[in-house]
Amino acid sequence: MQVTLINTLSSPLKSAAKFVYSQEQASGLSSSRFIQDTSTNLVPKAVFARSKADLAENSMLELSESALVYFAPALIGEKVARKFFSKNLDQPAKNLVAKPASELMKSPLKKKVLPVKAAIALSATIIPLTEFTLNYFKNLFTLKAFKKANFNNIASLEKSKESTETQKKVENSAKKNIKRAAGIFAGCLGLGALIAKKGANSKVLMDISEAILAPGTKFFQKSPKTRNFFNKYFSLDFAQQDGKLVLSKGQLTSCVLVGGAGYFGASKDRGKQNFLETLFRFPIVGFYVITGSELFEKGFKKILLKSGKCKETISKDLKTPSFEELEAIAQKLAQKNKTNVQTEFKKLAKQKVLIYGVPFLFSIGVMGFFVAGISNVFTKFRYNREKRQNRGLETQQSEVFKGFM
């Protein structure tokens, strides 16, 4: 369905409204988050790139990372794993595969469906495990393409001769960790196959399935808040949209946490300054990716409500109508206020763009440009401070040595 009234808006507002509308039409969480997080992470890093190697490796990392996290889950879960593991289920049971596990734990078809869902979820562990390897692949890419393994050279902090020993260490570590991730995924795939085949008749495997799919419901029955928190952020189960499997918050969390181990390990291989820069950036960006953006959006909506703005476009439960729904609201307001539909729609469109636009600009401006810029500044500051301290230490040692002469 097309929202024709968007074309009646003036040019700047029309462009903004079409952008927001395009995000609403995107399937599931994946497309909109891909655009937002890639913009937040890649564009600022490109602007603040410190060398060709820095620009190339960040472009390679951010694009592959975003594509992996936001598109692979639906492809692997819906197109591959779901078809493979649910092929022996009857149609009623197949239809339940996309239902939340917390609901299915009370269903009479629980023993049939939960093992299949757990197997599908375990097959999708290839996503966080591949995320883990991306930084090691990045190290290999930079080493092969630019012959650099020393972060100080990559970040243009210095221009020193590359150590063959350091390059070999970075290469060996990358290959070892990539193989390690492949081995863990093989184990997850094997466990998934076992659960799918034997889970219905095994209490142990059924318990494992429930822990994988709904850890909150499994372990925190007496505390609704804790239960909901763990189900939302630590379940490996897929979310669903229109009966199809899509990226869930829990899978996003696993990608950030498992990928974080790769970030820190790969950065440590390339030197102290790379590790410290990662230590500064990752917790901020990681938290924002998992839940910070959602918290900011909710907080901004609450501020608008308290200030008496956007009453027509923000409900008490902080939900906002789609652009398709705005057309119907505009028609009702036009009849009520005895105005034309275009005027009312323009007011509503401004509110909608404000609600979406401010958090989006915050993510790019603050979480993107500010964090990227300030992390570069801090890295250079730490490097220069360390050099001064080393020179001071060398001077002291030289003076002590002269005293013995």
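Which residues form a nonpolar patch on the surface? In this predicted model, the patch consists of V43, V47 and F48, which together have about 240 Å² of accessible area.

## Surface patches

Within the nonpolar patch formed by V43, V47 and F48, V47 can be placed in helix α2, which covers residues 28–47. V47 has a relative accessible area of 53% and is therefore exposed, since the cut-off for that class is over 50%.

A patch of another kind carries positive charge: R385, K387, R388 and R391 gather on the surface. One of these residues, R388, belongs to helix α16, which runs over residues 341–403. The relative accessible area of R388 is 47%, and this residue is partly exposed.

## Salt bridges

The structure contains 14 salt bridges. Among them is the pair of E277 and R50, whose closest N and O atoms are 2.9 Å apart. E277 is located in helix α14 and R50 in the loop between α2 and α3, so this salt bridge ties together parts that are 227 residues apart in sequence. E277 is buried, with a relative accessibility of 8%, whereas R50 is partly exposed at 21%.

D90 and K112 form another salt bridge, with 3.2 Å between the closest N and O atoms. Because D90 lies in the loop between α3 and α4 and K112 in helix α6 (residues 110–123), the pair ties together parts that are 22 residues apart in sequence. Both partners have intermediate accessibility: D90 is partly exposed at 35%, and K112 is partly exposed at 42%.

A salt bridge also joins the side chains of K144 and E171, at 3.5 Å from N to O. Here the connection is between helices, because K144 is in α7 (residues 126–146) and E171 in α9 (residues 164–198); the parts it ties together are 27 residues apart in sequence. K144 counts as exposed, with 52% relative accessibility, while E171 counts as buried, with 11%.

Salt bridges also link residues into a network, whose members are K110, K203, D207, E210 and K218.

## Aromatic pairs

A pair of aromatic rings is described by the distance of the centres and the angle of the planes. The model has 20 aromatic pairs. In the pair of F141 and F146, the ring centres are 6.4 Å apart and the planes stand at 80°, so the arrangement is edge-to-face; an angle over 60 degrees is what places a pair in that class. F141 is partly exposed, with a relative accessible area of 32%, and F146 is partly exposed as well, with 28%.

Y288 and F362 form a tilted pair, in which the centres are 6.2 Å apart and the planes make an angle of 50°. This pair links distant parts of the chain, with Y288 in helix α14 (residues 272–306) and F362 in helix α16, 74 residues apart. Y288 is buried, at 6% relative accessibility, whereas F362 is partly exposed, with a relative accessible area of 25%.

Ring pairs also build a cluster, which is made up of F220, F229, F230, Y233 and F234.

## Contacts and positions by helix

Helix α14 takes part in links of two kinds. Its residue E277 meets R50 of the loop between α2 and α3 in a salt bridge, and its residue Y288 pairs with F362 of helix α16.

Helix α16 contains F362 of that aromatic pair, R388 of the positive patch and also T379. Is T379 buried or exposed? T379 has a relative accessibility of 0% and counts as buried, because buried means under 20% relative accessible area. From T379 to T142, the C-alpha to C-alpha distance is 20 Å in space, and the two residues are 237 residues apart in sequence.

Methods
Residues numbered from 1 in each chain as written. Predicted model: local features only at pLDDT ≥ 70, side-chain atom pairs only at ≥ 80, totals over all residues. Heavy atoms only, no water. Patch = residues over 30% accessible without salt bridge, like charges linked within 9 Å, V, L, I, M, F, W, Y side chains within 5 Å. Areas by Shrake-Rupley, 256 points an atom, 1.4 Å probe, with all protein chains shown as cover. Salt bridge = Lys/Arg side-chain N within 4 Å of Asp/Glu carboxyl O. Lys, Arg positive; Asp, Glu negative; His and termini not counted. Charge placed at Lys NZ, Arg CZ, Asp CG, Glu CD. Helix = DSSP H or I, 4+ residues; strand = E, 2+ residues; numbered from the N terminus. Buried < 20%, exposed > 50% of the residue type's maximum accessible area, 1.4 Å probe, protein only. Phe/Tyr/Trp six-rings, centres within 6.5 Å; stacked < 30°, edge-to-face > 60°.
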